[in-house]
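Here is a short tour of a protein model, written for someone who likes to look at side chains. Have the viewer open and follow along.

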Amino acid sequence: MQQVRAKKRLGQHFLKDQNIAMQIAESPVYAAEQCSAAGSMPGKMPILEIGPGMGVLTQYLLKNPRLDVTAIEIDEESVAYLNEYYPELKVIYGDFLKLDLNELYPEGQFCVIGNYPYNISSQIFFKVLEYKDRIPCCSGMIQKEVAERLAAKPGSKAYGILSVLLQAYYDIEYLFTVHEYVFDPPPKVKSAVIRFTRNERTHLDCDEKLFKTVVKTAFNQRRKQMRNSLQALVGKGNPVLEEKVFTMRPEQLSVEQFVELTKLIAEHRAENA
């Protein structure tokens, strides 16, 4: 069977470097070991690979006896290739963003891994966040700039909406940079491998829906003090806008400070209701 043609509309760039593929395949093993040690995963760790392409990463996942691998692939040509060369692999032909993960995994935990399409990586991670209590680890390769944003700390120019929302529930590690020449065809940007590991926070001590609104609203005008960007949430002229936190810019606040800010806004909204 011929090689799969990379399709621009799907954002396909096939990794050629076997050493990098091996390193990525090792990235969820720590989470599997932690789950086994805690007793929450007595057998193999179910792992879902997104966009396996021609299986450069898949081959190493399948060799790991601690992993139970399923792949989802939107490219029909890739699905045919995988079915021929990896008959032991369960392959789902479909779109991860439309996949019902509760139907695929009715119970228990599972990890997510992949060389993610750069154009939808943020959407993928927002979906992972929806299943945060069931996904102890998410790892793989994305655009370097996005990886830097995800792992950024308060005070950094890269720190933003994705940083806060994901770091609320995951410890995020920027593992290493990957250069363009190890792909076919080479992308126009550098890539990076990251790993999310679920932290111990079971819930936020605030209204989580309002928390998301506060974070997104604040960063939509990130160059402004938050007394300007957030006044629509509490009402123009509200005395709470004189609090010190509202004189800060969003990139200065940690997750915990955003939680406290959300509680403050909720309190004043209730008073004015």
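A residue is called buried when its relative accessible area is under 20%, exposed when over 50%, and partly exposed in between (1.4 Å probe, protein chains only). By that rule, Tyr 159 and Phe 219 are both buried.

Some ground rules come next. This is a predicted model, in which local features need pLDDT of at least 70, side-chain atom pairs count only at pLDDT 80 or more, and totals for chains, interfaces and linings use all residues. Residues are numbered from 1 along each chain as its sequence is written, and side-chain values use heavy atoms, with hydrogens and water left out.

The predictor's confidence in each residue, pLDDT, runs from 0 to 100. The protein averages 89, and 90% of the residues score at least 70. Helices (H or I, at least four residues) and strands (E, at least two) are DSSP runs, numbered from the N terminus. Among these elements, strand β4 (residues 90-93) has the highest mean pLDDT, 97, and helix α2 (residues 29-38) the lowest, 60. Where pLDDT is low, the predicted coordinates should not be read in detail.

Now to the rings. Rings of Phe, Tyr and Trp (its six-membered ring) pair if their centres lie within 6.5 Å; planes under 30 degrees apart count as stacked, over 60 as edge-to-face and the rest as tilted. The count by this rule is seven aromatic pairs. Two of them are set out here.

| Pair | Centre to centre | Angle of planes | Type |
|---|---|---|---|
| Tyr 105 and Phe 110 | 4.3 Å | 15° | stacked |
| Tyr 159 and Phe 219 | 6.1 Å | 75° | edge-to-face |

The pair of Tyr 159 and Phe 219 links distant parts of the chain, 60 residues apart: Tyr 159 lies in the loop between α7 (144-151) and α8 (161-167), and Phe 219 in helix α9 (residues 208-220). In the stacked pair, Tyr 105 is buried at 9% relative accessibility, and Phe 110 is buried at 0%. Elsewhere, ring pairs join Tyr 116, Phe 125, Tyr 170 and Phe 196 into a cluster.

Finally, look at helix α1 (residues 18-26), where Ile 20, Ala 21, Ile 24 and Ala 25 are buried. Seen down the axis, the buried residues of α1 fall within an arc of 140° (taken from the directions from the helix axis to the C-beta atoms), so they line one face of the helix. An α-helix has 3.6 residues a turn, so residues three or four places apart point the same way.
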